[in-house]
Amino acid sequence: MSRTLFWYILKDLLRMFLFASGVLAGIMSFGGLLRPLTEHGLSIGQVIHMLTYFQPPMTAYSLPIAALFATTIVYGRLSADNEIVACRSAGISHLAIALPALVLGLTVAILGLLLLCFIVPIFMLKAEKVVFSNVGQIIVNEIERSHQLKMEQEGQSVTVFAQTAKVIPPDPSRPNDQVVVLGAPMFVTYEPNPDKSADAIRIPRDFYIAKQATCFIEQNEETDELAFTTVLQGGAKFARTIKGMEGGVETSIFSARGQSQVRENTKFMDVWRLKELLTDESSSRRVRKVLDGFVTNEQRDTYLKWINSQLAGEDSQARLAGHDDNGDVEYIIMRGKAVTALDGDKLIIGSPTTDVTRPVRVIQQKKDGQVLRTFESQTIEITTTPDDEMGVMHTGIEFNDAIERIGESLTQRSKARREFDAPMLESIKELPKIRTAKYDLTNTRLFGAQGKALARERMFISNTVRSELHARASFALSCLILVMVGCALGMMFRSGNFLSAFALSVVPALVCIALIITGQHTCENVPRDVTNFHNPFELGRNLIWSGNVVVAVIAIGLLGRLQRQ
(Lines give C-alpha, C1' and ligand atoms only; values in the text may rest on other atoms or scores of the structure.)
Protein backbone atom coordinates (compact mmCIF):
# COMPACT_ATOMS: atom_id res chain seq x y z
CA MET A 1 0.00 0.00 0.00
CA SER A 2 1.35 3.42 -0.99
CA ARG A 3 1.94 6.11 1.60
CA THR A 4 -0.47 8.42 -0.23
CA LEU A 5 -3.32 5.92 -0.05
CA PHE A 6 -2.53 5.14 3.59
CA TRP A 7 -2.74 8.78 4.66
CA TYR A 8 -5.78 9.38 2.48
CA ILE A 9 -7.76 6.71 4.36
CA LEU A 10 -6.27 7.53 7.78
CA LYS A 11 -7.14 11.24 7.51
CA ASP A 12 -10.75 10.36 6.70
CA LEU A 13 -10.81 7.97 9.65
CA LEU A 14 -9.40 10.56 12.06
CA ARG A 15 -11.77 13.29 10.86
CA MET A 16 -14.83 11.07 11.25
CA PHE A 17 -13.56 9.60 14.54
CA LEU A 18 -13.02 13.01 16.15
CA PHE A 19 -16.43 14.19 14.96
CA ALA A 20 -18.20 11.09 16.34
CA SER A 21 -16.28 11.14 19.61
CA GLY A 22 -17.04 14.83 20.21
CA VAL A 23 -20.75 14.43 19.49
CA LEU A 24 -21.09 11.29 21.63
CA ALA A 25 -19.10 12.81 24.52
CA GLY A 26 -21.34 15.89 24.49
CA ILE A 27 -24.54 13.86 24.44
CA MET A 28 -23.29 11.55 27.20
CA SER A 29 -22.19 14.53 29.34
CA PHE A 30 -25.65 16.05 29.22
CA GLY A 31 -27.16 12.61 29.85
CA GLY A 32 -24.97 12.25 32.94
CA LEU A 33 -26.52 15.41 34.36
CA LEU A 34 -30.07 14.06 34.35
CA ARG A 35 -29.85 11.95 37.51
CA PRO A 36 -28.09 14.49 39.78
CA LEU A 37 -30.38 17.23 38.47
CA THR A 38 -33.55 15.30 39.27
CA GLU A 39 -32.39 13.71 42.54
CA HIS A 40 -30.24 16.40 44.17
CA GLY A 41 -30.81 19.63 42.32
CA LEU A 42 -27.83 21.58 40.96
CA SER A 43 -27.09 25.26 40.69
CA ILE A 44 -25.92 26.84 37.43
CA GLY A 45 -22.36 26.90 38.72
CA GLN A 46 -22.52 23.21 39.63
CA VAL A 47 -23.92 22.34 36.18
CA ILE A 48 -21.02 24.13 34.49
CA HIS A 49 -18.50 22.34 36.70
CA MET A 50 -20.20 19.00 36.06
CA LEU A 51 -20.13 19.46 32.26
CA THR A 52 -16.44 20.39 32.46
CA TYR A 53 -15.55 17.38 34.59
CA PHE A 54 -17.67 15.00 32.50
CA GLN A 55 -15.85 15.74 29.22
CA PRO A 56 -12.68 13.59 29.76
CA PRO A 57 -14.57 10.53 31.12
CA MET A 58 -17.30 10.67 28.48
CA THR A 59 -14.67 11.09 25.77
CA ALA A 60 -12.99 7.92 27.00
CA TYR A 61 -16.28 6.02 27.17
CA SER A 62 -17.21 7.12 23.64
CA LEU A 63 -14.00 5.80 22.06
CA PRO A 64 -15.17 2.28 21.09
CA ILE A 65 -18.41 3.39 19.44
CA ALA A 66 -16.75 6.42 17.81
CA ALA A 67 -13.92 4.29 16.38
CA LEU A 68 -16.33 1.64 15.14
CA PHE A 69 -18.61 4.29 13.64
CA ALA A 70 -15.70 6.02 11.88
CA THR A 71 -14.31 2.85 10.28
CA THR A 72 -17.76 1.62 9.25
CA ILE A 73 -18.71 4.86 7.49
CA VAL A 74 -15.28 5.55 5.91
CA TYR A 75 -14.79 2.04 4.53
CA GLY A 76 -18.46 1.89 3.59
CA ARG A 77 -18.05 5.06 1.53
CA LEU A 78 -14.87 3.71 -0.10
CA SER A 79 -16.70 0.54 -1.00
CA ALA A 80 -19.83 2.38 -2.23
CA ASP A 81 -17.65 4.61 -4.47
CA ASN A 82 -15.86 1.50 -5.85
CA GLU A 83 -12.54 2.74 -4.46
CA ILE A 84 -12.07 -0.65 -2.80
CA VAL A 85 -12.53 -2.29 -6.23
CA ALA A 86 -9.92 0.05 -7.69
CA CYS A 87 -7.46 -0.86 -4.94
CA ARG A 88 -8.08 -4.56 -5.45
CA SER A 89 -7.53 -4.21 -9.21
CA ALA A 90 -4.18 -2.59 -8.40
CA GLY A 91 -3.21 -5.69 -6.43
CA ILE A 92 -3.78 -4.28 -2.93
CA SER A 93 -5.29 -6.88 -0.57
CA HIS A 94 -8.17 -6.26 1.81
CA LEU A 95 -5.80 -6.65 4.76
CA ALA A 96 -3.50 -3.96 3.36
CA ILE A 97 -6.49 -1.67 2.83
CA ALA A 98 -7.44 -2.26 6.50
CA LEU A 99 -3.98 -1.15 7.71
CA PRO A 100 -5.04 2.48 8.46
CA ALA A 101 -7.93 1.13 10.54
CA LEU A 102 -5.49 -1.07 12.47
CA VAL A 103 -3.29 1.95 13.23
CA LEU A 104 -6.34 3.92 14.38
CA GLY A 105 -7.46 1.00 16.56
CA LEU A 106 -4.05 0.63 18.24
CA THR A 107 -3.82 4.38 18.87
CA VAL A 108 -7.33 4.58 20.31
CA ALA A 109 -6.77 1.46 22.46
CA ILE A 110 -3.59 2.91 24.02
CA LEU A 111 -5.22 6.33 24.46
CA GLY A 112 -8.28 4.73 26.04
CA LEU A 113 -6.17 2.69 28.47
CA LEU A 114 -4.20 5.76 29.57
CA LEU A 115 -7.39 7.78 30.03
CA LEU A 116 -9.13 5.04 32.01
CA CYS A 117 -6.14 4.38 34.26
CA PHE A 118 -5.08 7.93 35.08
CA ILE A 119 -7.40 10.69 33.83
CA VAL A 120 -10.97 9.39 34.05
CA PRO A 121 -10.86 8.49 37.80
CA ILE A 122 -9.69 12.01 38.73
CA PHE A 123 -12.46 13.79 36.84
CA MET A 124 -15.16 11.31 37.88
CA LEU A 125 -14.24 11.91 41.53
CA LYS A 126 -14.36 15.68 41.00
CA ALA A 127 -17.80 15.41 39.41
CA GLU A 128 -19.02 13.24 42.29
CA LYS A 129 -17.78 15.76 44.83
CA VAL A 130 -19.61 18.56 43.01
CA VAL A 131 -22.87 16.60 43.24
CA PHE A 132 -22.50 15.99 46.99
CA SER A 133 -20.98 19.35 47.93
CA ASN A 134 -24.46 20.68 48.69
CA VAL A 135 -25.11 18.24 51.53
CA GLY A 136 -27.89 20.33 53.04
CA GLN A 137 -29.99 20.25 49.87
CA ILE A 138 -29.38 16.51 49.49
CA ILE A 139 -30.72 15.93 53.01
CA VAL A 140 -33.77 18.09 52.27
CA ASN A 141 -34.46 16.14 49.07
CA GLU A 142 -34.10 12.83 50.94
CA ILE A 143 -36.49 13.96 53.71
CA GLU A 144 -39.04 15.23 51.17
CA ARG A 145 -38.87 11.98 49.23
CA SER A 146 -38.77 9.34 51.99
CA HIS A 147 -39.12 11.36 55.25
CA GLN A 148 -36.11 9.55 56.72
CA LEU A 149 -32.33 9.72 56.82
CA LYS A 150 -29.77 7.19 58.07
CA MET A 151 -26.72 8.18 60.13
CA GLU A 152 -24.43 6.73 62.80
CA GLN A 153 -23.87 7.43 66.49
CA GLU A 154 -21.01 5.74 68.34
CA GLY A 155 -20.78 3.07 65.64
CA GLN A 156 -24.49 2.22 65.72
CA SER A 157 -27.20 3.12 63.23
CA VAL A 158 -29.44 6.14 63.74
CA THR A 159 -32.56 6.87 61.70
CA VAL A 160 -33.95 10.38 61.46
CA PHE A 161 -37.63 10.85 60.63
CA ALA A 162 -39.02 14.30 59.82
CA GLN A 163 -42.13 15.76 58.25
CA THR A 164 -40.42 18.74 56.63
CA ALA A 165 -36.92 20.05 55.97
CA LYS A 166 -35.48 23.25 54.58
CA VAL A 167 -32.03 24.80 54.10
CA ILE A 168 -31.35 28.12 55.84
CA PRO A 169 -28.33 30.47 55.63
CA PRO A 170 -25.27 29.46 57.72
CA ASP A 171 -24.92 30.67 61.30
CA PRO A 172 -22.32 33.50 61.48
CA SER A 173 -20.66 31.69 64.38
CA ARG A 174 -20.31 28.54 62.20
CA PRO A 175 -19.83 29.87 58.66
CA ASN A 176 -18.46 26.59 57.24
CA ASP A 177 -21.42 24.51 58.43
CA GLN A 178 -24.51 23.91 56.31
CA VAL A 179 -27.76 24.32 58.25
CA VAL A 180 -31.00 22.39 57.79
CA VAL A 181 -34.16 22.93 59.85
CA LEU A 182 -36.22 19.76 60.44
CA GLY A 183 -39.91 19.94 61.26
CA ALA A 184 -41.36 17.48 63.81
CA PRO A 185 -38.24 15.27 63.84
CA MET A 186 -37.74 11.94 65.59
CA PHE A 187 -34.32 10.35 66.04
CA VAL A 188 -34.22 6.58 66.63
CA THR A 189 -31.13 4.83 68.00
CA TYR A 190 -30.75 1.05 67.92
CA GLU A 191 -29.38 -1.75 70.04
CA PRO A 192 -25.86 -2.89 69.03
CA ASN A 193 -25.86 -5.37 66.18
CA PRO A 194 -22.64 -6.80 64.66
CA ASP A 195 -24.52 -7.30 61.39
CA LYS A 196 -24.06 -3.98 59.57
CA SER A 197 -25.89 -4.95 56.38
CA ALA A 198 -28.76 -2.83 55.09
CA ASP A 199 -31.39 -5.55 55.62
CA ALA A 200 -30.27 -6.59 59.13
CA ILE A 201 -32.91 -6.57 61.88
CA ARG A 202 -32.42 -3.58 64.19
CA ILE A 203 -34.10 -3.22 67.58
CA PRO A 204 -34.80 0.40 68.64
CA ARG A 205 -33.26 1.59 71.88
CA ASP A 206 -34.12 5.28 72.39
CA PHE A 207 -36.37 7.83 70.73
CA TYR A 208 -35.61 11.56 70.57
CA ILE A 209 -38.50 13.81 69.57
CA ALA A 210 -38.91 17.57 69.20
CA LYS A 211 -41.15 20.22 67.68
CA GLN A 212 -38.26 21.45 65.55
CA ALA A 213 -34.56 20.74 65.18
CA THR A 214 -31.73 22.76 63.69
CA CYS A 215 -29.08 20.50 62.17
CA PHE A 216 -25.53 21.83 61.69
CA ILE A 217 -23.61 19.77 59.13
CA GLU A 218 -19.82 19.85 59.06
CA GLN A 219 -17.97 18.08 56.25
CA ASN A 220 -14.39 16.89 56.69
CA GLU A 221 -12.35 18.19 53.75
CA GLU A 222 -10.00 15.19 53.71
CA THR A 223 -12.34 12.24 54.34
CA ASP A 224 -15.64 13.91 53.27
CA GLU A 225 -17.27 12.40 56.38
CA LEU A 226 -20.17 14.31 57.87
CA ALA A 227 -20.65 15.41 61.48
CA PHE A 228 -24.21 16.29 62.52
CA THR A 229 -24.90 18.44 65.57
CA THR A 230 -28.64 18.85 66.04
CA VAL A 231 -30.17 21.31 68.48
CA LEU A 232 -33.63 20.12 69.54
CA GLN A 233 -36.26 22.69 70.42
CA GLY A 234 -38.69 21.29 72.96
CA GLY A 235 -36.88 17.97 72.80
CA ALA A 236 -37.40 14.85 74.85
CA LYS A 237 -35.89 11.38 74.99
CA PHE A 238 -37.82 8.14 75.58
CA ALA A 239 -36.47 4.63 75.99
CA ARG A 240 -38.18 1.72 74.28
CA THR A 241 -38.12 -0.30 77.48
CA ILE A 242 -40.10 2.30 79.46
CA LYS A 243 -43.84 1.97 79.16
CA GLY A 244 -45.92 4.95 78.13
CA MET A 245 -44.38 8.43 78.27
CA GLU A 246 -42.89 8.31 81.73
CA GLY A 247 -39.38 7.81 80.43
CA GLY A 248 -39.04 11.29 78.93
CA VAL A 249 -35.79 13.09 79.62
CA GLU A 250 -35.39 16.68 78.51
CA THR A 251 -32.51 17.03 76.08
CA SER A 252 -31.28 19.82 73.86
CA ILE A 253 -28.49 18.43 71.67
CA PHE A 254 -28.27 15.24 69.61
CA SER A 255 -25.01 14.37 67.83
CA ALA A 256 -24.38 11.81 65.12
CA ARG A 257 -22.06 11.12 62.23
CA GLY A 258 -22.69 10.32 58.61
CA GLN A 259 -20.59 8.50 56.07
CA SER A 260 -19.08 10.37 53.17
CA GLN A 261 -21.62 10.79 50.40
CA VAL A 262 -18.73 10.23 48.00
CA ARG A 263 -18.51 6.46 48.00
CA GLU A 264 -15.30 4.46 48.00
CA ASN A 265 -15.69 3.44 44.38
CA THR A 266 -12.96 1.84 42.28
CA LYS A 267 -14.10 3.97 39.34
CA PHE A 268 -12.69 6.98 41.21
CA MET A 269 -9.24 5.39 41.69
CA ASP A 270 -6.24 5.51 39.40
CA VAL A 271 -4.19 2.40 38.74
CA TRP A 272 -1.70 3.18 41.53
CA ARG A 273 -4.48 3.41 44.11
CA LEU A 274 -5.93 0.12 42.86
CA LYS A 275 -2.53 -1.52 43.17
CA GLU A 276 -2.23 -0.19 46.73
CA LEU A 277 -5.60 -1.76 47.64
CA LEU A 278 -4.49 -5.11 46.26
CA THR A 279 -1.26 -5.11 48.27
CA ASP A 280 -2.71 -3.53 51.45
CA GLU A 281 -6.38 -4.27 52.08
CA SER A 282 -6.37 -2.19 55.26
CA SER A 283 -5.99 0.99 53.17
CA SER A 284 -9.60 0.48 52.04
CA ARG A 285 -12.11 2.66 53.87
CA ARG A 286 -14.54 -0.27 54.10
CA VAL A 287 -11.99 -2.70 55.59
CA ARG A 288 -10.54 0.03 57.83
CA LYS A 289 -14.00 0.73 59.26
CA VAL A 290 -14.46 -2.93 60.18
CA LEU A 291 -10.99 -3.15 61.75
CA ASP A 292 -11.49 0.08 63.70
CA GLY A 293 -14.77 -1.34 64.96
CA PHE A 294 -12.92 -4.37 66.33
CA VAL A 295 -10.53 -2.16 68.32
CA THR A 296 -13.29 0.15 69.54
CA ASN A 297 -15.40 -2.77 70.74
CA GLU A 298 -12.44 -4.33 72.53
CA GLN A 299 -11.58 -1.02 74.24
CA ARG A 300 -15.19 -0.60 75.36
CA ASP A 301 -15.46 -4.18 76.62
CA THR A 302 -12.15 -3.90 78.48
CA TYR A 303 -13.30 -0.77 80.32
CA LEU A 304 -16.70 -2.22 81.23
CA LYS A 305 -15.08 -5.46 82.44
CA TRP A 306 -12.68 -3.41 84.55
CA ILE A 307 -15.64 -1.70 86.24
CA ASN A 308 -17.40 -5.03 86.68
CA SER A 309 -14.31 -6.57 88.28
CA GLN A 310 -14.41 -3.88 91.00
CA LEU A 311 -17.99 -4.86 91.89
CA ALA A 312 -17.30 -8.52 92.69
CA GLY A 313 -18.96 -8.50 96.14
CA GLU A 314 -21.97 -6.86 97.82
CA ASP A 315 -19.75 -4.51 99.82
CA SER A 316 -17.53 -3.64 96.86
CA GLN A 317 -17.50 -0.34 95.06
CA ALA A 318 -16.11 1.06 91.82
CA ARG A 319 -14.49 4.48 91.68
CA LEU A 320 -14.61 6.23 88.30
CA ALA A 321 -12.65 9.47 88.03
CA GLY A 322 -13.46 11.84 85.24
CA HIS A 323 -14.35 15.32 84.07
CA ASP A 324 -17.78 16.83 83.42
CA ASP A 325 -19.52 20.22 83.64
CA ASN A 326 -18.60 20.43 87.32
CA GLY A 327 -14.88 19.97 86.63
CA ASP A 328 -12.88 17.03 87.96
CA VAL A 329 -15.29 14.60 89.60
CA GLU A 330 -15.45 11.05 90.89
CA TYR A 331 -18.37 8.64 90.68
CA ILE A 332 -18.51 6.02 93.43
CA ILE A 333 -20.74 3.08 92.50
CA MET A 334 -21.86 0.84 95.40
CA ARG A 335 -23.44 -2.37 94.23
CA GLY A 336 -25.20 -3.47 97.39
CA LYS A 337 -27.54 -6.43 96.78
CA ALA A 338 -27.70 -5.76 93.05
CA VAL A 339 -26.30 -8.04 90.36
CA THR A 340 -24.11 -7.07 87.41
CA ALA A 341 -24.32 -8.22 83.82
CA LEU A 342 -22.55 -7.27 80.61
CA ASP A 343 -25.17 -6.86 77.89
CA GLY A 344 -23.72 -5.99 74.50
CA ASP A 345 -22.24 -2.51 74.71
CA LYS A 346 -23.36 -1.72 78.27
CA LEU A 347 -22.88 -2.87 81.85
CA ILE A 348 -26.17 -3.29 83.74
CA ILE A 349 -26.23 -3.15 87.53
CA GLY A 350 -29.64 -3.72 89.04
CA SER A 351 -31.94 -5.45 91.46
CA PRO A 352 -32.27 -9.21 90.89
CA THR A 353 -35.92 -9.18 92.04
CA THR A 354 -38.68 -6.64 92.65
CA ASP A 355 -38.36 -7.31 96.39
CA VAL A 356 -35.06 -5.46 96.51
CA THR A 357 -35.74 -1.72 96.16
CA ARG A 358 -33.11 0.60 94.71
CA PRO A 359 -30.03 -1.37 95.78
CA VAL A 360 -27.56 0.58 93.63
CA ARG A 361 -26.08 3.72 95.18
CA VAL A 362 -24.00 6.19 93.17
CA ILE A 363 -22.24 9.19 94.68
CA GLN A 364 -20.99 12.04 92.52
CA GLN A 365 -18.36 14.09 94.30
CA LYS A 366 -15.69 16.61 93.47
CA LYS A 367 -12.00 15.85 93.60
CA ASP A 368 -11.76 17.34 97.09
CA GLY A 369 -14.49 15.01 98.39
CA GLN A 370 -17.43 17.45 98.28
CA VAL A 371 -20.58 15.46 97.49
CA LEU A 372 -22.58 16.96 94.62
CA ARG A 373 -25.44 14.47 94.40
CA THR A 374 -26.38 10.93 95.33
CA PHE A 375 -28.52 8.47 93.37
CA GLU A 376 -30.30 5.43 94.77
CA SER A 377 -31.48 3.49 91.74
CA GLN A 378 -33.27 0.27 90.86
CA THR A 379 -30.93 -0.29 87.93
CA ILE A 380 -28.16 1.63 86.25
CA GLU A 381 -26.72 1.18 82.76
CA ILE A 382 -23.13 2.18 82.04
CA THR A 383 -22.10 2.84 78.43
CA THR A 384 -18.80 4.12 77.12
CA THR A 385 -17.14 5.14 73.87
CA PRO A 386 -13.35 5.36 73.48
CA ASP A 387 -11.75 8.51 72.09
CA ASP A 388 -8.13 7.75 71.19
CA GLU A 389 -7.33 11.31 70.13
CA MET A 390 -8.28 12.78 73.52
CA GLY A 391 -7.24 9.69 75.49
CA VAL A 392 -10.58 9.46 77.32
CA MET A 393 -13.61 7.21 77.58
CA HIS A 394 -16.86 9.12 76.98
CA THR A 395 -18.91 7.44 79.70
CA GLY A 396 -22.58 7.68 80.52
CA ILE A 397 -24.50 6.35 83.54
CA GLU A 398 -28.25 6.01 83.05
CA PHE A 399 -30.42 5.68 86.15
CA ASN A 400 -33.80 3.93 86.07
CA ASP A 401 -36.38 4.45 88.84
CA ALA A 402 -34.02 6.51 90.98
CA ILE A 403 -34.12 8.97 93.87
CA GLU A 404 -31.71 11.87 93.41
CA ARG A 405 -30.46 13.70 96.49
CA ILE A 406 -28.87 17.13 96.15
CA GLY A 407 -28.15 18.51 99.62
CA GLU A 408 -31.42 18.13 101.54
CA SER A 409 -33.55 18.00 98.39
CA LEU A 410 -34.95 14.65 97.21
CA THR A 411 -36.29 14.13 93.67
CA GLN A 412 -37.75 10.93 92.30
CA ARG A 413 -36.80 10.30 88.68
CA SER A 414 -38.05 7.55 86.42
CA LYS A 415 -34.97 8.11 84.29
CA ALA A 416 -31.86 10.26 84.59
CA ARG A 417 -28.43 10.34 82.95
CA ARG A 418 -25.00 11.64 83.88
CA GLU A 419 -22.11 11.86 81.41
CA PHE A 420 -18.39 12.39 82.00
CA ASP A 421 -15.02 11.78 80.36
CA ALA A 422 -12.90 9.21 82.17
CA PRO A 423 -9.15 8.90 81.47
CA MET A 424 -8.21 5.81 79.50
CA LEU A 425 -6.52 2.93 81.25
CA GLU A 426 -3.00 2.25 79.98
CA SER A 427 -4.04 -1.21 78.81
CA ILE A 428 -6.81 0.35 76.72
CA LYS A 429 -4.44 2.97 75.26
CA GLU A 430 -2.11 0.22 74.08
CA LEU A 431 -4.82 -1.78 72.26
CA PRO A 432 -4.69 0.22 68.96
CA LYS A 433 -0.92 -0.37 68.87
CA ILE A 434 -1.33 -4.11 69.49
CA ARG A 435 -4.43 -4.73 67.39
CA THR A 436 -2.95 -3.38 64.16
CA ALA A 437 -4.51 -3.98 60.76
CA LYS A 438 -1.87 -6.63 60.03
CA TYR A 439 -2.65 -8.34 63.32
CA ASP A 440 -6.38 -8.49 62.66
CA LEU A 441 -5.96 -9.56 59.03
CA THR A 442 -3.64 -12.46 59.94
CA ASN A 443 -4.97 -13.46 63.37
CA THR A 444 -7.47 -16.29 63.73
CA ARG A 445 -9.00 -14.92 66.92
CA LEU A 446 -11.82 -13.27 64.96
CA PHE A 447 -14.91 -15.41 64.71
CA GLY A 448 -18.66 -15.15 64.50
CA ALA A 449 -20.09 -11.88 63.21
CA GLN A 450 -16.71 -10.10 63.37
CA GLY A 451 -14.94 -12.70 61.27
CA LYS A 452 -17.80 -12.84 58.77
CA ALA A 453 -17.86 -9.07 58.36
CA LEU A 454 -14.11 -8.89 57.76
CA ALA A 455 -14.09 -11.86 55.35
CA ARG A 456 -16.93 -10.30 53.37
CA GLU A 457 -15.22 -6.91 53.03
CA ARG A 458 -11.89 -8.49 52.06
CA MET A 459 -13.51 -10.55 49.31
CA PHE A 460 -15.54 -7.58 48.11
CA ILE A 461 -12.54 -5.23 47.90
CA SER A 462 -10.36 -7.85 46.18
CA ASN A 463 -13.06 -8.66 43.63
CA THR A 464 -13.97 -5.05 42.85
CA VAL A 465 -10.34 -3.96 42.41
CA ARG A 466 -9.38 -6.88 40.18
CA SER A 467 -12.58 -6.66 38.14
CA GLU A 468 -12.01 -2.92 37.63
CA LEU A 469 -8.49 -3.55 36.32
CA HIS A 470 -9.76 -6.26 33.96
CA ALA A 471 -12.66 -4.05 32.85
CA ARG A 472 -10.36 -1.15 31.95
CA ALA A 473 -8.03 -3.38 29.97
CA SER A 474 -10.94 -5.12 28.23
CA PHE A 475 -12.61 -1.80 27.38
CA ALA A 476 -9.39 -0.42 25.87
CA LEU A 477 -8.76 -3.59 23.83
CA SER A 478 -12.33 -3.50 22.53
CA CYS A 479 -11.45 -0.30 20.64
CA LEU A 480 -8.95 -2.22 18.49
CA ILE A 481 -11.22 -5.20 17.92
CA LEU A 482 -14.27 -3.07 17.11
CA VAL A 483 -12.28 -1.03 14.59
CA MET A 484 -11.46 -4.19 12.65
CA VAL A 485 -15.11 -5.25 12.74
CA GLY A 486 -16.17 -1.83 11.47
CA CYS A 487 -13.61 -1.98 8.68
CA ALA A 488 -14.89 -5.37 7.50
CA LEU A 489 -18.55 -4.39 7.79
CA GLY A 490 -18.00 -1.18 5.83
CA MET A 491 -16.31 -2.97 2.94
CA MET A 492 -18.95 -5.71 2.86
CA PHE A 493 -22.14 -3.62 3.10
CA ARG A 494 -20.99 -0.86 0.69
CA SER A 495 -22.81 1.91 2.52
CA GLY A 496 -21.59 5.38 3.42
CA ASN A 497 -24.91 6.33 5.00
CA PHE A 498 -24.64 7.70 8.56
CA LEU A 499 -27.68 5.86 9.91
CA SER A 500 -26.63 2.53 8.42
CA ALA A 501 -23.12 2.93 9.78
CA PHE A 502 -24.43 3.85 13.23
CA ALA A 503 -26.79 0.87 13.29
CA LEU A 504 -23.98 -1.50 12.30
CA SER A 505 -21.51 -0.04 14.82
CA VAL A 506 -23.73 0.13 17.90
CA VAL A 507 -24.63 -3.56 18.18
CA PRO A 508 -21.14 -5.13 18.63
CA ALA A 509 -20.03 -2.20 20.81
CA LEU A 510 -23.03 -2.63 23.11
CA VAL A 511 -22.33 -6.36 23.35
CA CYS A 512 -18.79 -5.66 24.61
CA ILE A 513 -19.84 -2.94 27.04
CA ALA A 514 -22.82 -4.89 28.39
CA LEU A 515 -20.70 -7.97 29.11
CA ILE A 516 -18.01 -5.86 30.82
CA ILE A 517 -20.61 -4.29 33.12
CA THR A 518 -22.27 -7.65 33.77
CA GLY A 519 -18.91 -9.18 34.67
CA GLN A 520 -18.14 -6.40 37.14
CA HIS A 521 -21.53 -6.75 38.83
CA THR A 522 -21.00 -10.51 39.05
CA CYS A 523 -17.65 -10.01 40.82
CA GLU A 524 -19.20 -7.52 43.26
CA ASN A 525 -22.11 -9.82 44.14
CA VAL A 526 -20.78 -10.94 47.53
CA PRO A 527 -23.24 -11.97 50.31
CA ARG A 528 -22.90 -11.07 54.00
CA ASP A 529 -21.76 -14.58 54.95
CA VAL A 530 -19.02 -15.92 52.68
CA THR A 531 -18.18 -18.96 54.82
CA ASN A 532 -19.42 -21.51 52.28
CA PHE A 533 -19.67 -19.13 49.34
CA HIS A 534 -17.86 -19.75 46.05
CA ASN A 535 -16.02 -16.64 44.95
CA PRO A 536 -17.66 -15.38 41.71
CA PHE A 537 -14.52 -13.58 40.51
CA GLU A 538 -13.55 -16.13 37.86
CA LEU A 539 -17.04 -16.10 36.36
CA GLY A 540 -17.11 -12.31 36.37
CA ARG A 541 -13.65 -12.07 34.80
CA ASN A 542 -14.67 -14.46 32.02
CA LEU A 543 -17.75 -12.36 31.32
CA ILE A 544 -15.66 -9.19 31.15
CA TRP A 545 -13.47 -10.66 28.42
CA SER A 546 -16.12 -12.75 26.65
CA GLY A 547 -17.46 -9.76 24.70
CA ASN A 548 -14.03 -9.11 23.19
CA VAL A 549 -13.60 -12.78 22.38
CA VAL A 550 -16.96 -12.94 20.56
CA VAL A 551 -16.34 -9.72 18.61
CA ALA A 552 -12.74 -10.79 17.81
CA VAL A 553 -14.04 -14.06 16.33
CA ILE A 554 -16.52 -12.06 14.24
CA ALA A 555 -13.76 -9.70 13.07
CA ILE A 556 -11.44 -12.57 12.09
CA GLY A 557 -14.29 -14.31 10.25
CA LEU A 558 -15.28 -11.18 8.31
CA LEU A 559 -11.70 -10.23 7.37
CA GLY A 560 -10.97 -13.83 6.36
CA ARG A 561 -14.04 -13.86 4.12
CA LEU A 562 -12.97 -10.60 2.47
CA GLN A 563 -9.44 -11.92 1.94
CA ARG A 564 -10.77 -15.07 0.25
CA GLN A 565 -12.76 -12.92 -2.17
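Strands, like the one that holds leucine 372, are DSSP runs of E with at least two residues, numbered from the N terminus. Leucine 372 itself sits in strand 17, which covers residues 371–387. The model is a predicted one, and the paragraphs below go from the whole chain down to single residues.

Start with the overall picture. The chain's secondary structure adds up to 13 helices and 19 strands. Its C-alpha atoms fill a box of roughly 115 × 50 × 35 Å along the principal axes. The radius of gyration is 32 Å, while a compact globule of 565 residues would come out near 24 Å. Buried residues account for 47% of the 565 residues. On the outside, the chain exposes about 28,200 Å², and carbon and sulfur atoms supply 57% of that area. As for contacts with a separation of 6 or more, 65% of them link residues 24 or more positions apart.

Next come the nonpolar cores. The largest one has 57 residues, and the members that touch the most others are Ile9, Leu13, Phe17, Tyr75, Ile97 and Met491. Quite a list of elements gives two or more residues to this core, including helix 1 (3–39), helix 2 (44–80), helix 5 (99–131) and helix 13 (537–564). Helix 11 hands over the largest share, with 13 residues. Isoleucine 97 shows what such a position looks like up close: leaving out residues up to four places away in sequence, it touches Met1, Ile9, Tyr75, Ile84, Cys87, Arg88, Ile92 and Met491. There is also a second, separate core of 27 residues, with Ile307, Ala338, Met393 and Phe420 among them.

Histidine 94 belongs to helix 4, which spans residues 94–97. With a relative accessible area of 7%, histidine 94 is buried. Apart from neighbours within four places in sequence, histidine 94 is in contact with Ile84, Arg88, Met491, Leu562 and Gln563.

A charged-type side chain can be tucked away too, and arginine 472 is worth a look here. Arginine 472 is part of helix 11. Its relative accessibility is 5%, so arginine 472 counts as buried, the cut-off being under 20%. What does the side chain of arginine 472 reach at 2.7 Å? The partner is the backbone oxygen of methionine 269. The same side chain also reaches the backbone oxygen of leucine 116, at 3.2 Å. Beyond residues up to four places away in sequence, arginine 472 touches Leu113, Leu116, Cys117, Pro121, Thr266, Lys267, Met269, Asp270, Val271 and Leu274.Aromatic rings are the next topic. The structure holds 7 aromatic pairs. One of these pairs joins tyrosine 331 and phenylalanine 420, whose ring centres are 4.5 Å apart and whose planes meet at 20°, so the pair is stacked. Tyrosine 331 comes from strand 13 (residues 327–334) and phenylalanine 420 from strand 19 (residues 409–423), so the pair ties together parts that are 89 residues apart in sequence. Are these two residues buried or exposed? Tyrosine 331 is buried, at a relative accessible area of 0%, and phenylalanine 420 is buried as well, at 2%. Phenylalanine 420 also turns up in the second core mentioned above.

Back to leucine 372 in strand 17. Leucine 372 has a relative accessible area of 16%, which makes it buried. Not counting residues up to four places away in sequence, leucine 372 touches Asn326, Val329, Gln364, Gln365, Lys366, Arg405 and Ile406. How far apart are the C-alpha atoms of leucine 372 and alanine 127? They are separated by 55 Å, with the two positions 245 residues apart along the chain.

Finally, a word on backbone angles. Most residues other than glycine have a negative phi. Histidine 147 has a positive phi, near 60°, and is not a glycine. Histidine 147 lies in the loop between helix 6 (135–146) and strand 1 (148–153), and its relative accessible area of 38% makes it partly exposed. Aspartate 401 has a positive phi too, of about 55°. Aspartate 401 is found in strand 18, residues 392–406, and is partly exposed, with a relative accessible area of 32%.

Key. Residues numbered from 1 in each chain as written. Predicted model: local features only at pLDDT ≥ 70, side-chain atom pairs only at ≥ 80, totals over all residues. Heavy atoms only, no water. Core = buried A, V, L, I, M, F, W, Y, C linked by side-chain atoms within 4.5 Å. Buried < 20%, exposed > 50% of the residue type's maximum accessible area, 1.4 Å probe, protein only. Helix = DSSP H or I, 4+ residues; strand = E, 2+ residues; numbered from the N terminus. Contact = heavy atoms within 4.5 Å. Polar contact = N/O pair within 3.5 Å; in protein donor to acceptor, adjacent residues only side chain to side chain. Rg over C-alpha atoms; globule rule 2.2 N^0.38 Å. Areas by Shrake-Rupley, 256 points an atom, 1.4 Å probe, with all protein chains shown as cover. Phe/Tyr/Trp six-rings, centres within 6.5 Å; stacked < 30°, edge-to-face > 60°.
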